[in-house]
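Let's take a friendly walk through a protein model, looking at charged pairs and at helices that meet. Have the sequence and the 3D view ready as you read.

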Amino acid sequence: NMVGEWALPEEMVDNLPPSNNCILGHVIHRLIESSLPSQVESTVPELPSFVIKGCVLGKTFSGKTTALKSLEKSFPIQALSVDTLVQEAIQAFHNNEKISGALQKVAEEKALPVRQESSKENQASTNTRKTPKAEEVVASDRSSELTVRAQLGAKSEKLLKKGKSISDTLLVSIMIPIYKGWVLDGFPMTLNQAKLLEEALTGCNRNLIELEGKKSQISTLAVDHTTSREVPLPTSALDFVMLLDISDNSSLNRMNDIMAEAFSSETPHEDINQRVAAKNQDVDEDQNLRDQIQHRIVGFLDNWPLLEQWFTEPENILIKINADIDKQSLCQKVKETFMTEIMKKENKVKKKLKEKEAEEKEEVSPTEATSPLPPPPEPEKEKEVHGQRERSKTPAAKGKPASGSPRGKSPGGKVPVKKSPADSTDVSPAPVVPPPPKPGSEEWVYVNEPISEEIRSFLVPYWKLIENSYINSIKTVLRHLREGQHTVIAYLYDIRTDFQQFLRRPDHKQDFVSQWQADFNSLPDDLWDDEETKAELHQRVNDLRDRLWDICDAHRGEAEQECLDIINESWLQDVIGIAMNHFFSLMQAELNRFQDTKRLLQDYYRGMECKIPTDDTKRFTRVPLVQLDSKDILEFQLRIPLVRQRPSSPESSLSKPKTKAILKGKIDYSLENIELNFEADEKMVMDTWQQSSLAISHMVAAEIHQRLMEEEKENQTADAKEKPPQVAANKKVKKEPPKKKKDKKGKGKSPPMAETTPVIVTAEEAEEMEIKNKLRLRIKEEHLAALQFEEIAAQFRLELIKVKTLAFLEELVTKAVEVYKLMEKWLGERYLNEMSSVEKLTEVARCHIETSTKIQNALYLDQEDFCINSDIKVFPDLSPPIRPPPVEREENGTLTIERLGNLRDQFLEIAPKGRKSNYYEKSTK
């Protein structure tokens, strides 16, 4: 469809994509139409009916039966209830309703679907018992004499006695009305019942219509726009559907009111036993109603969405009425709605009748215009016969020059003009006639000659095989291309991350820096100010710098070699080769489609000409694929030709320098090999495209040449038949050598009657030959036009594949080159950063040498970063000096702490126990 990734590029915007091949679409449509006849027929009646048909739906106690009873009183319609009709059918069975012999056959036809269903239901039981009993035979004879209603009642009673529910098919058969106007009460209740009811009333199944629509869309590669196989959806079997909408609470309230009213109005019974029995029966019915009403409401709500969609799909026939009102208002509203629907039905029927009358008048008018034309007079008839005889002579005389003219190459109506150059007198006075229609246009009348059943049975599956093979091949190749793109993206991401990890691999520069720092700090203090010592330290710094630079250079060389290994890896060539094979497979799919379509068209048109299909022994054209490995394989071992993927030599590329947009600037010699390989791949793509395009052109030219050769042979045989009468009479003369033919030709000219006899005898044959020649010419024009149209489309798709292939390969190589350049950029930036970090390290070292200070914080050289780690110290800090003892000065006669301490010592010496002496005690007394 040429959207998204396959949108037309800028260089192909002017060349619009080819439209649909209408001739091929007509051929495929005709073949499929003949092999798969339509199963859906229009069920629209010839004369519309005024009979009104409808149904009233709603929840339990919504007022359906009450409203229909009021309608029956006001309008001549019949209200049909499921329960009532089933009971009547069962009662008819009990009453043994029989039909007369004249109506028995009609009844059997009506009961046929029901009998089929019953046969399916009883199939299991009939398999178990092989010999039927005499009672069953008598019962079957008895049932055949009953009416349809009685038979349906018998089946219903049989199911009810077994405790089973009546099937939808049986219910619909019972519900099919025979009245002129009717309204169904609460039916259909499910979607299946609605489908069966519509099928029973209209005889049309929507599932078959959907299958017919799908069958019309079988062919996706070629579509016939002139014919439409869309079967219109039939109108609904019902004229209206009324929904009495009521809430759940209102429905429950009405149930309670009805039960209370029935309880209060019960009639007195004479016998007490009857009164008790009636009371018990009423209680049981009320209890059953209470138990079932909720289930009925839930069942209606579950089925209503599907029913609502069904009644609004072809045409909206659903009418919703609010039933939460009193009984009289509801009946009046239903009557008004019913009257409106009757008026709509009458207007619709009158409109259809008027349209049908107008169509009948249009059909009669052209017949009346053509019928009164008088027949031509007899002289004109003689002139016409004489003109036909002269025309019969002209093709025989013009067979040889016409065969050599290239009239088959230009389909469109130029051939008849070139066919009569001698009759210039007849052509000159002719008025200006519009050009004849071209094959495939809307005005062109397709050739629909009969084709044998064998050819049809072969061409239809052959086209399906062509279509499925083409579509599956395209889908498979496009899926592989998308997967390949994801693989390329993942691979390029992996090589980027792997190269980054390779660049950050561990080195030993930090070991040398730590060793140098330890040696520098271990220098004695008395040598820090010595000039010779400083010069020695500067030399050590230079040696450290050179050693670190050597490590950086070694790592750079290893990284460059790793980058070159990644660039020169065969991955890119393998990916390009696989992608080229995928695109070559697309070209092969286009070639296969064209070759198979050419064969199909050839067999189709030869079949219309009643010719035997040619046995084309020529092998199909194969597009060579790229050989991905270097193994030597013999040609006879290959089903598909292989081409080696060989890049051009460097000398040839240097002799013819080209600036590629891929490299975007100056050519890097590390990426030069990629450019050379891309040029070789580009040349291979162009060669393959040219080979495929020429193969298609040669096939079309060969087909045209074959047509011309066949036409020459047919003209020669026609000339040989029309020359002498003896040759036409005697079939053995054709097998004689040409010399005898010449003698007979000379003998045929001598008698005068030889010229008149073939004209009189072959007058009708000449007309037939002229008709056949015209038909053959139209078949040829149509065939060659379809083939040339398919050629244009195939050439356009091949060119689009070529453009997309080159763009895909260029984008792939561009992505790879961008990644490779990014890797080289990372490598160069890392090398410069490492060199810069070494320079910063030497500057810090020289600064400490000149200032005669040790480097206490650790110097850290991590990959391409240099820093001084303040958290790590190489040697501990110096211990602080001892603090001198404090000295207290005496101020204002205050004793110092030292004197107080001396005083205390003296007191202790005098009184160690802290007591007074006896001398002082006595003196005090």
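## A mostly covered helix

In H9, the buried residues are Leu170, Leu171, Val172, Ser173, Ile174 and Met175. The helix spans residues 168–175, and with six of its eight residues buried, H9 is mostly covered. Keep in mind as you explore that this is a predicted model.

## Salt bridges, buried and exposed

How many salt bridges does the count come to? The answer is 25. Let's visit a few of them.

One salt bridge joins the side chains of Lys509 and Asp507, with 3.6 Å from N to O. Are these two residues buried or exposed? Lys509 has a relative accessibility of 1%, so this residue counts as buried. Asp507 comes in at 18%, and because the cut-off for buried is under 20%, Asp507 counts as buried too.

Another salt bridge brings together the side chains of Lys854 and Asp525, at 3.8 Å from N to O. This pair links distant parts of the chain, as the two residues are 329 residues apart. Lys854 sits in the loop between helix H28 (763–851) and strand S8 (857–862), while Asp525 sits in the loop between helix H20 (509–521) and helix H21 (531–567). Lys854 is partly exposed, with a relative accessible area of 31%, whereas Asp525 is exposed, at 59%.

## A network of charges

Now look at Arg606 and Glu710, whose side chains form a salt bridge at 2.6 Å from N to O. Here, too, distant parts of the chain are linked: Arg606 belongs to helix H22 (residues 571–608) and Glu710 to helix H24 (residues 672–722), and the two are 104 residues apart. Arg606 counts as buried at 10% relative accessibility, and Glu710 counts as buried at 18%.

Which residues are linked with this pair in a network of salt bridges? The network holds Arg606, Glu609, Lys611, Arg707 and Glu710.

## A closer look at Glu609

Where is Glu609 found? You can find Glu609 in the loop between H22 and strand S6 (625–627). The relative accessible area of Glu609 is 16%, so this residue is buried.

Leaving out residues up to four places away in sequence, Glu609 touches Arg707, Arg776 and Ile779. With Arg707, the side chain of Glu609 makes a polar contact, side chain to side chain, at 2.8 Å. Try finding Leu775 as well: this residue is 166 residues from Glu609 along the chain, and their C-alpha atoms are separated by 8.9 Å.

## Two helices side by side

Finally, turn to H20 and H28. These helices pack at an angle of about 5°, with 13 Å between their axes. Are they roughly parallel or roughly antiparallel? Angles under 35 degrees count as roughly parallel, so H20 is roughly parallel to H28.

Which residues meet there? From H20 come Lys509, Val513, Trp516 and Phe520, and from H28 come Glu834, Leu841, Ala845, His848 and Ile849. Sorted by class, this contact has six nonpolar, one polar and two charged residues. You have already met Lys509, which also forms the salt bridge with Asp507.

Technical notes: Residues are numbered from 1 along each chain as its sequence is written. This is a predicted model: local features need pLDDT of at least 70, side-chain atom pairs count only at pLDDT 80 or more; totals for chains, interfaces and linings use all residues. Side-chain values use heavy atoms; hydrogens and water are left out. A salt bridge is a side-chain nitrogen of Lys or Arg within 4 Å of a carboxyl oxygen of Asp or Glu. Buried means under 20% relative accessible area, exposed over 50%, partly exposed in between (1.4 Å probe, protein chains only). Helices (H or I, at least four residues) and strands (E, at least two) are DSSP runs, numbered from the N terminus. Contact means heavy atoms within 4.5 Å. A polar contact is a pair of N or O atoms within 3.5 Å; within protein, one must be able to donate a hydrogen and the other to accept it, and residues adjacent in sequence count only if both atoms are side-chain atoms. Axes are lines fitted to C-alpha atoms, for helices over the stretch in contact, and angles run from 0 to 180 degrees between N-to-C directions. Angles under 35 degrees count as roughly parallel, over 145 as roughly antiparallel, 65 to 115 as roughly perpendicular and the rest as oblique. Ala, Val, Leu, Ile, Met, Phe, Trp, Tyr, Cys and Pro count as nonpolar, Asp, Glu, Lys and Arg as charged, and the others, Gly among them, as polar.
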